[in-house]
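Please read the following alongside the sequence and the coordinates. The text goes from each chain to the contact between them, and then to a few individual residues.

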Amino acid sequence: MRRPVDASPGRRLSEPRSAELPPFLSRQPEGFYRSLNPATKLVIAFAMAAVAFAVREWTGPIVVLALVGTIAISAHIARRTVPFALATIPLVASIFLVNTFLYPGATDVLFKLGPVTATGSGLAAALQATLRVVAFALSVAILSLTTSTDDLLSDLERRGLGRRAVYVIGSAIGLIPRMLERAGEITDAQRARGLDTQGTPWRRIRGVLPLAGPMISGALSEVEERTLALEARAFAAPMHRTVLRRLPDSPAQRLIRWGVGIGSAVVIALALSGRLVLP
Amino acid sequence: MSGQFSTRVIALIPVAIAINIALGYTVQTVLKLPIYLDSIGTILVGVLAGPLAGLATGVLTNLIWQYAPGIGGGTIGPFAITAGVIGLLAGIWGRYGVYRSRPASGSQLLLAAIVAAALVIVVVLPIVNNQTYLDPNVGGFPDWAVPAAIGIAIIAAIVVAGFTYLRHDLAGLWVAGAGLVTGLIAAAVSAPISAYVFGGVTGSGTDVIVAALRQGGADVLNASLGQGFFSDPIDKMITSFVVFIVLAGLSPRIIARFPNGPRLVTVDEAPS
């Protein structure tokens with residue numbers, strides 16, 4: 001059935017009424033934090049990452065860690081954030097070793113271990129860097145554990161993010177597992193043909209091309225098909241797409257978004273310019 | 001500007017992002033090489049589609065790697081700035097036709113091969129001449145560090161020169177140069193991020209170099225910079241050559257459809 005459409009560029013089509021949607025499309029996550037609008041959760045996550053990195057010394061990372069912990073426990077995802085924290089172990093170990101023992105200019109010796117000396121200021125710097133890294137990793141964790149990519153992208157599109165950006169992000173996230181799988185297949189195929197993945201570094205460097213070559217040329221022919229598919233579906237048409245699902249939002253959340261965004265920007269600006277001295 | 005984001009380029013960018021992540025992951029886990037190789041897709045997009053498309057690919061790669069559920073990017077997010085700069089530079093190289101094949105022969109080819117080898121050595125010299133590496137009392141490096149660096153440089157120089165000479169293609173010189181410059185700039189952009197955000201380390205094998213430079217008396221920023229100047233040019237040179245070889249192996253018909261395509265394919269003269 002064809003519906004007459006207003007073809008004037010930039011004009012939005014009518015918004016759908018959610019009552020018409022089947023239940024699987026209008027599903028609503030449970031719990032307070034999960035049910036927040038995705039844009040609110042995105043703003044909170046970015047603000048926490050920025051504060052953890054930009055507000056130096058102890059306060060910034062500790063405040064963010066406390067917030068992240070509260071959110072994780074109240075949203076019942078504390079257990080699932082553990083892998084995100086564990087993933088930082090190699091970096092944290094490196095931070096501790098390098099900074100505790102080799103902190104430039106530090107003189108407050110804690111103890112000596114062979115040729116290197118552990119210093120108090122080095123240990124403090126290592127602890128701060130660790131808190132920053134863990135706070136950041138957990139801020140990422142609560143965003144990705146409470147927000148589905150589809151919800152986030154469809155909400156951002158409703159707010160005016162271009163369909164090209166939405167397509168690029170959404171399709172990249174969908175493609176990654178497939179591309180990893182394909183990388184595995186190519187590795188196996190090349191190994192069967194004698195690719196050396198165990199030998200000397202020089203032999204392994206020569207393995208880069210047999211891996212990258214088939215991946216890229218295969219992917220480029222896929223680009224060809226995707227281009228045709230997109231063009232066939234009027235991807236370049238100069239109109240806004242109709243939003244099928246409207247995710248709930250409220251004036252209070254709007255206030256939270258602006259408050260969190262401006263508040264963290266002000267705190268960071270004050271801290272960076274040295275006007276706000278925190279312990 | 002909008003020509004840089006045709007539907008074809010929009011279809012290419014997510015594929016390039018997935019290539020970056022899948023290849024970076026595979027090279028690090030399967031081949032276990034101490035290089036990143038997570039910018040092949042970014043450089044490919046920059047070369048094929050232009051600086052802004054390259055910039056977008058680089059930045060989005062790191063943000064998606066960090067934030068997408070189930071992939072677990074660790075700490076790659078803040079380096080989105082570096083990845084963006086790499087894509088931007090690749091776009092500029094593409095604009096100037098650096099990745100175009102330039103067939104040559106005779107003395108011109110020989111000269112290019114020698115210049116290419118010299119280029120590699122010139123970049124390694126300041127690293128090798130650095131007091132921290134030379135003096136065992138200062139740097140605390142094992143005796144084999146300097147010979148190893150020189151050895152790597154000589155091998156790289158031979159590979160670049162041999163590549164240029166055997167393929168009868170001046171592009172080897174251009175691609176090596178583009179990779180080196182990209183690597184040096186990427187290192188300069190990464191060092192402050194790593195120093196400011198992560199206390200100067202990245203949690204990978206290259207932290208050994210950071211530790212050695214710190215032991216030699218370098219401060220947090222300079223130690224990260226020294227490590228970057230060591231790893232990044234090698235990494236970006238390998239990446240550039242991989243992109244060049246793959247592009248050279250593709251049908252010109254496919255390449256010519258991208259915005260930068262006409263600058264990348266040498267048009268054969270019509271048979272008379």
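Helices here are DSSP runs of H or I with at least four residues, strands are runs of E with at least two, and both are numbered from the N terminus. Read in these terms along its sequence, chain B follows the pattern α-α-α-α-α-α-α-α-α-α-α-α. That amounts to 12 helices and 0 strands. The model is a predicted one.

Chain A has 10 helices and 2 strands. From its N terminus, the elements come in the order α-α-α-α-β-β-α-α-α-α-α-α.

How much of each chain is buried? A residue counts as buried when its relative accessible area is under 20%. In chain A, 41% of the 279 residues meet that criterion. In chain B, buried residues make up 59% of 272. The accessible surface of chain A is about 15300 Å², with carbon and sulfur atoms supplying 65% of it. For chain B the accessible surface is about 10600 Å², and 69% of that belongs to carbon and sulfur atoms.

The contacts within each chain can be sorted by separation in sequence. Among contacts in chain A with a separation of 6 or more, 74% involve residues 24 or more positions apart. For chain B, 74% of the contacts between residues at least 6 apart join residues at least 24 apart.

The next topic is the interface. The size of an interface is often given as the accessible area lost when the parts come together. Between chain A and chain B this buried area is about 5400 Å², and carbon and sulfur atoms give 78% of it. On the chain A side, Ile176(A), Ile216(A) and Leu220(A) lose the most area to chain B, together 11% of what that side buries. In terms of contacts, 65 residues of chain A meet 58 residues of chain B. How many salt bridges are there between chain A and chain B? The count is 2. Glu224(A) and Arg8(B) form a salt bridge through their side chains, with an N to O distance of 2.8 Å.

Two helices can be checked for their length. Helix 9 of chain A, residues 208–232, has 25 residues and reaches 36 Å from its first C-alpha to its last, close to the 36 Å expected at 1.5 Å a residue. Helix 1 of chain B, residues 7–31, also has 25 residues and should span 36 Å at that rise; its end C-alpha atoms are 35 Å apart, which agrees. Helix 1 of chain B is mostly covered, with 22 of its 25 residues buried.

Just after helix 9 of chain A, Ala234(A) takes a positive phi of about 60 degrees, although this residue is not a glycine. Ala234(A) sits in the loop between helix 9 and helix 10 of chain A. His76(A) is another non-glycine residue with a positive phi, here about 55 degrees. The loop that holds His76(A) joins helix 2 (59–74) and helix 3 (78–86) of chain A. His76(A) counts as exposed because its relative accessibility is 71%, where the cut-off is over 50%.

Helix 10 of chain A, residues 251–273, contains Leu270(A), and Val267(A) lies in helix 10 as well. Leu270(A) is classed as partly exposed because its relative accessibility is 31%. Val267(A) is partly exposed, with a relative accessible area of 31%. Both belong to a nonpolar surface patch formed with Trp258(A), Ile262(A), Val266(A) and Leu276(A), which together have about 510 Å² of accessible area. Leaving aside residues up to four places away in sequence, Val267(A) touches Val55(A) and Leu276(A). Val267(A) and Ile205(A) are 62 residues apart in sequence, and their C-alpha atoms are 47 Å apart in space.

The last residue is in chain B. Is Asn62(B) buried or exposed? With a relative accessible area of 6%, Asn62(B) is buried. Asn62(B) belongs to helix 3 of chain B, residues 51–67. Beyond four places in sequence, Asn62(B) touches Ile76(B), Gly77(B), Phe79(B), Ala80(B) and Ala83(B).

How values were computed: Residues are numbered from 1 along each chain as its sequence is written. Chains are lettered from A and ligands numbered from 1 in the order in which they are written. This is a predicted model: local features need pLDDT of at least 70, side-chain atom pairs count only at pLDDT 80 or more; totals for chains, interfaces and linings use all residues. Side-chain values use heavy atoms; hydrogens and water are left out. Buried means under 20% relative accessible area, exposed over 50%, partly exposed in between (1.4 Å probe, protein chains only). Contact means heavy atoms within 4.5 Å. The expected span of a helix is 1.5 Å times one less than its number of residues. Patches are made of residues with over 30% relative accessible area and no salt bridge: like charges are joined within 9 Å, nonpolar side chains (Val, Leu, Ile, Met, Phe, Trp, Tyr) within 5 Å. Accessible areas come from the Shrake-Rupley method with a 1.4 Å probe; for residues, only the protein chains shown count as cover. A salt bridge is a side-chain nitrogen of Lys or Arg within 4 Å of a carboxyl oxygen of Asp or Glu. Buried area is the accessible area (1.4 Å probe) that two parts lose on being put together, summed over both.
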